[in-house]
Amino acid sequence: MEPTMHLPATPPTPPVTPVPPDEAPPPDTATTTAAPARRSRRHPALAALLSVLALLAAGLGVVASAAPASAAGLTQVTSFGSNPGNLAMYEYAPANLPAGAPLVVALHGCTQSAGDYFTHSGWQKYADLWGFALVFPQTSATNNSLSCFSWFDSAKDTRGKGEAASVVSMVDAAASQYGSDTHRVFVTGLSAGGGMTADLLADYPDVFAGGAVDSGLPAQCATTQTAASQCQYGSMNLTPAQWGDKVRSSDAGYSGPWPRVAIWQGTSDTTVQPVNGTELRDQWTNAWGISQSASSTQSLPGSTTLSIYNDPQGNPAVELYQISGMSHGLAVDPGSGTEQCGSTGSYYLATICSSYYTARFWGLDGSGGGGGTGTLPAPTGLAVTGTTGTSASLSWTAVGGAASYTVYRNGTAAGSATGTTFTDTGLTAGTSYTYTVAAVDSSGTPGPASAAVTATTTGGGGGSGGCFTDNNYNQVAAGRAHQSGGYAYADGSDQNMGLWNVFIVHTLKQTGSDSYVIADGTC
């Protein structure tokens with residue numbers, strides 16, 4: 001059956017006679033029959049050398065000048081090196097992008113194009129806001145009658161072969177052109193592009209530091225068109241270890257580090273069944289050697305539940321975003337807020353801005369995940385020292401050699417300080433905010449971010465009346481409750497809220513300056 005990843009979300013029709021997707025010219029056997037030598041993630045110092053080589057290559061005609069694409073700001077690179085997968089390359093970078101910035105590869109879904117994905121996905125907004133380059137590979141009806149990436153064809157989606165090899169050629173070309181930090185190359189994709197994303201993460205864990213699979217399939221779920229339908233419409237009934245083996249065998253001998261993976265899945269998707277989200281979770285947690293039980297969970301906008309799976313050091317390695325009621329497509333949230341992005345269209349669904357949360361998970365905002373690239377360590381001892389209805393005050397331990405500090409609120413820079421205290425103003429009463437801080441070195445580059453803290457502004461109405469819904473762990477962290485013997489108790493009233501963890505959620509109503517009562521369902 002021809003994989004139809006972007007048909008409307010209706011029950012699958014009976015299999016039809018497949019249209020042969022292999023109508024492209026045969027790939028160069030020199031690049032597809034022999035397994036390429038392994039390469040490690042390159043040291044940033046190579047960026048300058050790569051740039052010089054790019055200039056030399058341009059003089060030899062290896063890299064052609066870019067031609068405008070249909071979407072404003074997106075340009076086509078007509079020659080980028082070896083292209084056994086017969087793909088087209090489009091790219092975007094904000095003006096004056098410095099060397100050492102990250103690089104993100106974004107793969108469209110079936111019946112879509114690079115320009116379509118660029119226009120609707122919201123990635124341009126964050127490239128401009130946080131400073132990174134974008135590459136948009138594009139396939140065509142020559143490769144597949146529905147312009148799907150061939151996530152189901154082992155001649156095209158495995159290391160050193162076909163479309164997978166073409167995408168990595170694009171990475172090399174863009175990294176040379178922009179002097180990108182090759183330790184911070186990421187890949188994301190929707191539907192068939194999501195399936196190819198998972199394959200690329202498994203094929204090239206030495207190239208991609210992280211990925212995001214949006215309404216897609218596990219790595220190497222299918223190796224033929226016949227098997228593709230079972231992946232889309234049902235469970236493969238594999239154990240986490242069997243799923244993990246598909247990752248490990250994709251680049252035999254590689255032992256880590258593994259990419260950090262975000263998984264986005266709508267619960268009402270009938271084109272790519274929701275079980276694919278949990279199978280992706282099983283696959284990548286097993287590859288990481290961590291539990292399939294979530295380390296923590298969060299409720300996000302758009303009826304989204306985030307389950308986080310931490311690595312042994314306590315950092316998120318795999319994140320599963322499950323969007324209640326969403327059908328097949330990419331989650332977007334049109335609007336002007338920092339956490340909003342994209343525009344609606346066919347298979348671009350107004351729920352939550354997946355690109356924003358994915359970018360933060362990868363640390364592209366400089367406040368978490370991979371953090372910044374500066375030389376200084378993350379500050380320690382970040383604490384909330386006070387709140388009002390409109391402000392939150394913070395303090396932290398000094399970092400030797402820091403020229404200043406950048407404070408981040410909900411993943412976005414809120415201000416800077418030369419000392420070790422900061423007061424954030426103009427906030428909304430009765431609202432929780434997450435803060436981190438990073439030390440900035442003498443070159444002006446922030447280092448990795450601190451551990452996060454939560455500050456909750458007071459509820460107004462003379463210090464009473466505000467309602468706050470959160471899990472018990474965050475209620476304690478915000479100063480509305482305290483814990484003793486593994487249980488959480490509301491401040492002031494001392495009502496038992498149950499176990500002190502991230503799974504039990506209560507609404508607390510403020511009844512005084514430091515007094516709260518349980519008010520589930522009454523606020």
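This report describes the fold totals, salt bridges and backbone features of a predicted model.

## Overall make-up

The protein chain in this predicted model contains 11 helices and 27 strands. It has 523 residues, and 52% of them count as buried.

Contacts in the protein chain with a separation of 6 or more can be sorted by distance along the sequence, and 65% of them involve residues 24 or more positions apart. The accessible surface of the protein chain is about 19,900 Å². Carbon and sulfur atoms make up 54% of that surface.

## A salt bridge between distant parts of the chain

The model has seven salt bridges. One of them pairs the side chains of Asp206 and Arg159, with an N to O distance of 3.1 Å. This pair brings together distant parts of the chain, its two residues being 47 residues apart. Asp206 sits in the loop between α6 (192-203) and β7 (210-214), while Arg159 belongs to the loop between β5 (133-138) and α5 (162-178).

Are Asp206 and Arg159 buried or exposed? The relative accessible area of Asp206 is 3%, so Asp206 is buried. Arg159 has a relative accessibility of 13% and therefore also counts as buried, because the cut-off for a buried residue is under 20%.

## Two further salt bridges

Arg184 and Asp181 form another salt bridge, in which the closest N and O atoms lie 3.1 Å apart. Arg184 has a relative accessible area of 15% and is buried. Asp181 is buried as well, with a value of 9%.

A salt bridge also joins the side chains of Arg281 and Asp282, at 2.7 Å from N to O. Both partners fall in the buried class: Arg281 has a relative accessibility of 15%, and Asp282 has one of 13%. Some salt bridges share partners, and in this way Arg159, Asp206 and Asp251 are joined into one network. Two members of that network, Asp206 and Arg159, are the pair described in the previous section.

## A cis peptide bond

Where the backbone passes from Gly256 to Pro257, the peptide bond is cis, with omega at about 5°. Pro257 is placed in the loop between α8 (240-250) and β8 (260-266).

## Positive phi angles outside glycine

Which residue in the loop between β3 (88-92) and β4 (103-107) is considered here? The residue is Asn96, which is found in that loop. Asn96 is not a glycine, yet its phi is positive, at about 60°. Its relative accessibility is 78%, so Asn96 counts as exposed; the cut-off for that class is over 50%.

Ser147 likewise has a positive phi of about 60° without being a glycine. Ser147 lies in the loop between β5 and α5, and Arg159 is also placed in the loop between these two elements. Ser147 has a relative accessible area of 15% and is therefore buried. The two residues with positive phi thus fall into opposite classes: Asn96 is exposed, whereas Ser147 is buried.

Note on methods
Residues are numbered from 1 along each chain as its sequence is written. This is a predicted model: local features need pLDDT of at least 70, side-chain atom pairs count only at pLDDT 80 or more; totals for chains, interfaces and linings use all residues. Side-chain values use heavy atoms; hydrogens and water are left out. A salt bridge is a side-chain nitrogen of Lys or Arg within 4 Å of a carboxyl oxygen of Asp or Glu. Helices (H or I, at least four residues) and strands (E, at least two) are DSSP runs, numbered from the N terminus. Buried means under 20% relative accessible area, exposed over 50%, partly exposed in between (1.4 Å probe, protein chains only). Contact means heavy atoms within 4.5 Å. Accessible areas come from the Shrake-Rupley method with a 1.4 Å probe; for residues, only the protein chains shown count as cover.
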